[in-house]
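Reader: I would like a close look at a single helix and the residues just before it. Please take me through that part with care, in one connected account.

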Amino acid sequence: MGNVQPTIVPYADFDVMSDIKAIRKACKGMGTDEEAIVSILGNRSAAQRLEIKQAYFEKYDDQELEEVLKSELSGSFEKAIIAMLDPPQIYAAKELRKAMKGAGTDEDVLVEILCTSSNQDIINLKEAYAQVNERDLEADIEDDTSGDVRNLLISLLQANRDENYEVDEGLAEQDAAALIEAGEGRFGTDESTFTHILTHRNYLQLQATFKFYETLSGTEILDSIENEAGGTLKDCYITLVRCAKNPQLYFARRLNEAMKGAGTDEDTLVRIIVGRSEIDLETIKDMYLEKYDVPLKEALSSDCGGDFKRLLLEILH
């Protein structure tokens with residue numbers, strides 16, 4: 001969507017041998033040189049980090065870089081570094097599995113990952129999920145969610161969204177009328193209309209639909225959803241609407257939520273900052289500043305500490 005900027009691009013003077021020697025040195029002897037690890041991994045693209053991982057394994061007697069770093073690092077810093085050693089879709093697939101494992105389901109994570117993915121992302125995720133977990137993503141979502149939320153997530157997993165940049169004004173007006181009919185005053189009766197439109201139309205088409213919705217009903221669509229829907233379904237709808245309007249602003253909000261209140265949701269910080277660094281993190285920073293009047297780096301600085309903070313700031317540039 002439009003012109004978005006990453007914070008991490010492939011490092012121009014990349015020298016894999018010199019990187020693995022420096023990392024090896026940082027992990028040897030008494031204490032670990034975390035700064036060296038941050039300055040290398042925080043400035044390499046995902047593809048370059050994978051090269052580092054592979055070269056390390058080959059040069060140092062089949063030692064897994066991941067295992068070496070796990071034994072040297074701890075806490076959120078370790079989690080973030082290990083996340084950076086996976087290809088992005090593999091990392092996302094692990095996060096999805098983690099969200100569904102055990103007693104409860106962390107539906108926020110499912111919504112954040114699946115509702116913001118393009119068709120190609122979904123296809124890659126399904127493959128990565130099968131590869132890492134030897135399980136089927138769709139079957140796990142079927143088992144782990146229910147009702148309208150399940151229907152919506154399964155619909156997204158079909159990767160059937162129109163991804164053109166064309167807008168059909170007639171269809172936008174028709175869809176807006178259908179959404180009003182399905183929602184206001186008799187919500188809970190026809191979620192399938194909302195699900196179908198929000199998971200199938202292209203983002204520009206949806207923007208046009210939301211304008212018609214407001215003109216025809218006198219209510220902004222997010223306000224209607226806020227008043228009429230509940231629980232995880234509401235979160236799904238809001239995420240899909242916000243992503244259609246401005247995905248980078250959606251991620252800025254997620255980061256802000258992760259830092260609000262008493263504790264910090266470090267997993268979400270890692271997922272977004274590492275996951276979006278080569279896509280649109282620079283633009284997310286702009287949106288954060290515009291929305292909250294505080295630079296994202298400043299917000300993180302006051303909310304996180306130690307090497308974890310240093311790494312995130314390095315990725316943010």
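**A helix and what covers it**

Author: In this predicted model, the covering of the buried residues of α14 includes α11 (169-182), α12 (191-200), α13 (203-217) and α15 (231-245). Helix α14 itself spans residues 221-228, and the residues buried in it are Ile221, Leu222, Ser224 and Ile225. Viewed down the axis of α14, these buried residues fall within an arc of 160°, so they line one face of the helix. The general rule behind such a pattern is that an α-helix has 3.6 residues a turn, so residues three or four places apart point the same way.

The N-terminal end of α14 is capped by Glu220, which places a side-chain oxygen 3.0 Å from the backbone nitrogen of Leu222; Leu222 is also one of the buried residues of this helix.

Turning to the residues before that cap, Ser217 belongs to helix α13, and α13 (203-217) is among the helices that cover the buried residues of α14. The side chain of Ser217 has a polar atom 2.7 Å from the backbone oxygen of Tyr213, and a polar atom of this side chain also lies 3.1 Å from the backbone nitrogen of Thr219. The side chain of Ser217 thus has polar contacts to the backbone of both Tyr213 and Thr219, while the side chain of Glu220 reaches the backbone nitrogen of Leu222 at the N-terminal end of α14.

Technical notes:
Residues numbered from 1 in each chain as written. Predicted model: local features only at pLDDT ≥ 70, side-chain atom pairs only at ≥ 80, totals over all residues. Heavy atoms only, no water. Buried < 20%, exposed > 50% of the residue type's maximum accessible area, 1.4 Å probe, protein only. Helix = DSSP H or I, 4+ residues; strand = E, 2+ residues; numbered from the N terminus. Arc of directions from axis to C-beta. Contact = heavy atoms within 4.5 Å. Polar contact = N/O pair within 3.5 Å; in protein donor to acceptor, adjacent residues only side chain to side chain.
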